[in-house]
Amino acid sequence: MRLTKNLLALIVLAIGALWALQGVGAIGGSFMTGQSQWLYVGIVTMLVGLVGLVWANRSRG
């Protein structure tokens with residue numbers, strides 16, 4: 001179960017990074033490229049992914 005949680009959190013983190021990079025224009029080829037709102041959406045999504053990683057790996061005792 002821990003592996004599944006980690007994988008899901010990493011996927012969310014990676015999607016957030018992609019959106020943020022598209023928002024600043026570092027990755028092209030999308031309607032999101034150069035749109036600053038996607039930078040902010042990406043940052044929030046990355047934070048959710050980081051919280052998910054912490055939650056998946058917190059100690060049980």
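What percentage of the 61 residues in the protein is made up of buried residues? The share is 25%. Keep in mind that this is a predicted model.

**Whole chain**

Start with a cartoon view. The protein has two helices and zero strands. Helix α1 covers residues 2-24, and helix α2 covers residues 36-56. Turn the C-alpha trace along its principal axes: the spans are about 45 × 15 × 15 Å. The radius of gyration is 13 Å. For a compact globule of 61 residues, the value would be near 10 Å.

**Stop 1: the aromatic cluster**

Select W19, F31 and W38 and show their side chains. These three residues form one aromatic cluster. How many aromatic pairs does the count come to? The count is two.

Take W19 and W38 to begin with. Their ring centres lie 5.6 Å apart and their planes meet at 65°. An angle over 60 degrees counts as edge-to-face, so W19 and W38 are an edge-to-face pair. Now colour by helix. W19 belongs to helix α1 and W38 to helix α2, so this pair ties together parts that are 19 residues apart in sequence. Check the backbone here as well: the C-alpha atoms of W19 and W38 are separated by 5.7 Å.

Is W19 buried or exposed, or something in between? W19 has 25% relative accessibility and counts as partly exposed. Partly exposed covers values between 20% and 50%.

Move on to F31 and W38. Here the ring centres are 6.1 Å apart and the planes are at 85°, so this pair is edge-to-face too. Show the surface around F31. F31 is exposed, with a relative accessible area of 67%.

**Stop 2: a charge over a ring**

Select K5 and W55. What sits over the ring of W55? The charged end of K5 does, at 4.3 Å from the ring centre.

**Stop 3: the nonpolar patch**

Select Y40, I43, L47 and L50, then switch to a surface view. These residues form a nonpolar patch on the surface. Together they have about 390 Å² of accessible area. Pick out Y40 within the patch. Y40 lies in helix α2. Its relative accessibility is 53%, and Y40 therefore counts as exposed, the cut-off being over 50%.

**Stop 4: distances between the helices**

Hide the side chains and keep the C-alpha atoms. Select A14 and G49. They are 35 residues apart along the chain, and their C-alpha atoms are separated by 8.2 Å. A14 is part of helix α1. At 48% relative accessibility, A14 counts as partly exposed.

Next, select N6 and I43. How far apart are N6 and I43 in space, C-alpha to C-alpha? The distance is 19 Å, with their positions 37 residues apart in sequence. I43 is one of the patch residues from the previous stop. N6 is found in helix α1. Is N6 buried or exposed? N6 is buried, at 16% relative accessibility. The limit for buried is under 20%.

**Last view**

Bring back the side chains of W19, F31 and W38, the one aromatic cluster. Add K5 with its charged end over the ring of W55. Finish with Y40, I43, L47 and L50 as a surface, to show the nonpolar patch.

Methods:
Residues numbered from 1 in each chain as written. Predicted model: local features only at pLDDT ≥ 70, side-chain atom pairs only at ≥ 80, totals over all residues. Heavy atoms only, no water. Phe/Tyr/Trp six-rings, centres within 6.5 Å; stacked < 30°, edge-to-face > 60°. Helix = DSSP H or I, 4+ residues; strand = E, 2+ residues; numbered from the N terminus. Buried < 20%, exposed > 50% of the residue type's maximum accessible area, 1.4 Å probe, protein only. Lys NZ or Arg CZ within 6 Å of the ring centre and 35° of its normal. Patch = residues over 30% accessible without salt bridge, like charges linked within 9 Å, V, L, I, M, F, W, Y side chains within 5 Å. Areas by Shrake-Rupley, 256 points an atom, 1.4 Å probe, with all protein chains shown as cover. Salt bridge = Lys/Arg side-chain N within 4 Å of Asp/Glu carboxyl O. Rg over C-alpha atoms; globule rule 2.2 N^0.38 Å.
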